[in-house]
Amino acid sequence: MDRSKLYRRFRTLLIANRGEIACRVIRSARAMGLRTVAVYSEADRDAMHVAMADEAVLLGPARARDSYLNIERVIEAAKKTGAEAVHPGYGFLSENAEFAQACLDAGLVFVGPTAAMMTAMGSKSGSKQLMEKAGVPLVPGYHGEAQDEAILAQAADKIGFPVLVKASAGGGGRGMRVVKSAGELSAAIVSAKREAKAAFGDDRMLIEKFVQNPRHIEVQIIGDSHGNLLSLFERECTLQRRHQKVIEEAPSPTLNAIQREAVCAAARKAAGAVNYVGAGTIEFVSDGKEVFFIEMNTRLQVEHPVTELITGIDLVEWQLRVAFGEKLPLAQDEIKLNGHAIEARVYAENPQKNFMPSVGRIKTWRTPDAVDGLRIDAGYRGGDAVSPYYDAMLAKVIAWAPTREAAIERLNRGLEETDVRGIVTNIPFLSALVTHPQVRANTIDTGFIERELKGLTETSPPAGELELCAAVAAIIVDEQQAARNEAHSPWRTYGWQPVGLRTRVFQLRQAPGAEQKVTLHYGDGRFTVSLADHHAPIVLSIMPYAGGGFDITIDGVKSNVVAVIEGHELYLRTRNGRFDLHWVDPFGGETEEQVGEDKIVAPLPGTVVALLAEEGATLEKGAAILTLEVMKMEQTLRAPYAGVLKKIKCKVGDIVGEGVELAEIEPAAA
C-alpha cells in the first residue's frame, strides 16, 4: 500500500475521545501548531475537552454507543470540520480495527497502527499464537477459536485451577474473572461474556493459568513507518483492583538492569513480529522468577506519563510525528533513564462503599500550585458534571524525583493537596495506598489491594480538638469573607460586637450519632472555644493566599488548615488527615432522608443486565439478586439479610435511575 495514504503531514487533528486523554492530546497537538477538533455527546456539552479545542462537534446522545462509539458519526465530524487526521486516545474506538480502516477509507490519517496490526495484536488469543511463533514466553493457556462451554471447560481442566477467564478483545479488567474451581467456571464464563459483549462488542474468551502472587510489568514501545522500533523502558503496574491499575511507576522497582534489558528485548521482538508502527505497550506477568507475555495494547496507555517523565519524551508528540511519516527522533541507545516516576489515578468513586461510582457536579476543584516534579493530567474542572455514562477517572497525579522514595513522598504530597468536592473521590484511599509500608518496601503483588482493602479504606479518625476548632474557624472565616461585600459594615472586623462578648453554639456531626457541641465566645477580635470541659484560647489568622487556607493557633501551636464549605457540609484538611463534618442546622430545618440498607435500590443510574434470583426464592444474606451496568462496570446487588425475594420490580434491559427500588425482600422470621 502507498504509505502516503497512511502517513502524511496534516494541519487539523480530530480527537475521537473525551475527558483527560482528549485534553492531554489537545495540549501536545496545540504545542505543535495543529488545529484541534473535539467531539462530544449530549452529556459532555460543557466538558473541559470541548472548551479546550478549536472546534467541537456533537456526536449524539449520552450513551457511548450512540456517540463516542459511533464510527460513522466520528468520520462525519472529521469531514465536516476539515480534519485530516484522527487521534483515538485510549478506550472507546482506540483499538477498533474497523475504525482504523474506516479512517483510511475516508482519506484520514489514523494516529496509531494499521487495522491489520491492530487485528493481529489486539486479539489476546491471536496475539498469543503469534508470540508463540516469535519465541516470546507465554503463560500456559487456551487461545483457540472454538468457544462452546464444553471446550472451554476441558481447556481449564487441562491447564489446572485456578485459571483466569478473560475477554479476547479489550482490557481494563472488563470481561475478566478468576476461577478457583470447576464448579465456578460456568457462571464466570457467562458473566465475563456478557460484560465483554457490552464493553467491546466481542464475547470471545481465552483461558490462562492464573499466576499466583503475580507482578504486572509492561514495556512502552513505539515504531515508525521506516522500520525503526524502540522500547522506552518498562513500567510496573502491580497495584491493581479488580484487574484495573491504580498506581503505576517507572522504572519497575522489581527488575535489575539485566532483567530490564531482557524484558525490553522481548517487547521489541513481540512488536517486531507485526512490524508495528505507532505507540503501544507489551504487557507481561511475572511470578518472581520468569516473565510471560500476556497481551499487547495497540494504543497509548493511561499510564504513559510516567514513561515521559523518566525519558523526557512527549509520547503524544512522537505519535503525531510518526503519523506525519517522520522517522523517530532518537535511536535506542540514545534513550536514557532518568530518576523515578509514579502515578495515581483519581476516580469519582467511594472506597467506603465498595468503590461505587460517584456522580454529580464538582463544586470544588483544587490542585497543588506548580511544583517541580509534580504533574496533574486532568479532564475535569470545578463546575463540571460527572455523569454515569463513562469511565469515572477524573485526573492523574504524577510525580517524578531522582529516587523512588522521593517520588512517593512527592506523589503523596500532591494527593494531599488535591481537593475535589461535590462528589466522592478515592484520594484518601490513594494516599493510604502509596504510604503503606509494604508499598514503600515493594513487597506486593496484584492481589495486595484486595487483601489490605479494609485497612486502606478505613474512615477518618474521630475529629479531635484541632478539627473541631478548625471547623468553627472555617465557618467564621467563610462568614467574614461574605461580609466583605458590605463595604461599611462593622462586621468586617473579626468578632466585632458593640458590647461584651458574643456566644455561639455549633453542633458538628462526623457520622450519624456522632455529634459534638462546640461553644465559641468572641468579640473584640478575641476567641475562646469550649470543648466539653476544656477551654482553649484560639488565635485565628487568614493566610494571604486564596483557596480556603488559614492558620489556627491552639495553646500556642500554630497549624495550617484547608477548608471547603458547601452549605452545611465542611471538608477539612489538617495535619491529622482529611475530615468531613456536617454543621447541624441550628434552626432544625434539616430533613435528611436516610435510605435503609434493607432497600434494594439502584445506587446510581444504570442498566439492568441480569436477574440472578427468582421471585419467591429463599435467599441467604449476601445472595446475588441482580446485576447493573454502571459506568461500563458491572455492579451486583445482594440481599442485605436472609429472607424471601417477594418481588422483582425490573427486567433485563431496563434503564433505571438512582434510588429506584428494584426488588423487595421479606426478612426471614427471627
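**Briefing: a sheet, a cavity and the model's confidence**

Valine 644 has glutamate 666, in strand β39, as its bridge partner; strands here are DSSP runs of E with at least two residues, numbered from the N terminus. This is a predicted model, in which local features need pLDDT of at least 70 and side-chain atom pairs count only at pLDDT 80 or more, while totals for chains, interfaces and linings use all residues. Residues are numbered from 1 along each chain as its sequence is written, and side-chain values use heavy atoms, with hydrogens and water left out.

**Sheet**
- Strands β37 (residues 643–648) and β39 (residues 661–667) run antiparallel and are joined by five bridges, where pairing requires that DSSP finds at least two bridges between two strands.
- Both belong to an open, antiparallel sheet of four strands in the order β32-β39-β37-β34, and its edge strands, β32 (600–601) and β34 (618–619), each pair on one side only.

**Largest cavity**
- The largest cavity, a set of points on a 1 Å grid over the protein atoms alone where a 1.4 Å probe fits but cannot get out, has a volume of about 280 Å³, taken as the space filled by probe spheres set on the points.
- Of its 18 lining residues (an atom within 4 Å of a point), those closest to the centre are Arg241, Gln244, Tyr347, Glu349 and Phe355.
- Strand β12 gives the most to this lining, with three residues.

**Confidence**
- The average pLDDT (the predictor's confidence in each residue, from 0 to 100) is 89, and 90% of the residues score at least 70.
- Over residues 589–597 pLDDT stays under 50.

Definitions and conventions. Contact means heavy atoms within 4.5 Å. On a 1 Å grid over the protein atoms alone, a cavity is a set of points where a 1.4 Å probe fits but cannot get out, and a pocket is an open set with protein on both sides within 12 Å along at least five of seven lines; lining residues have an atom within 4 Å of a point.
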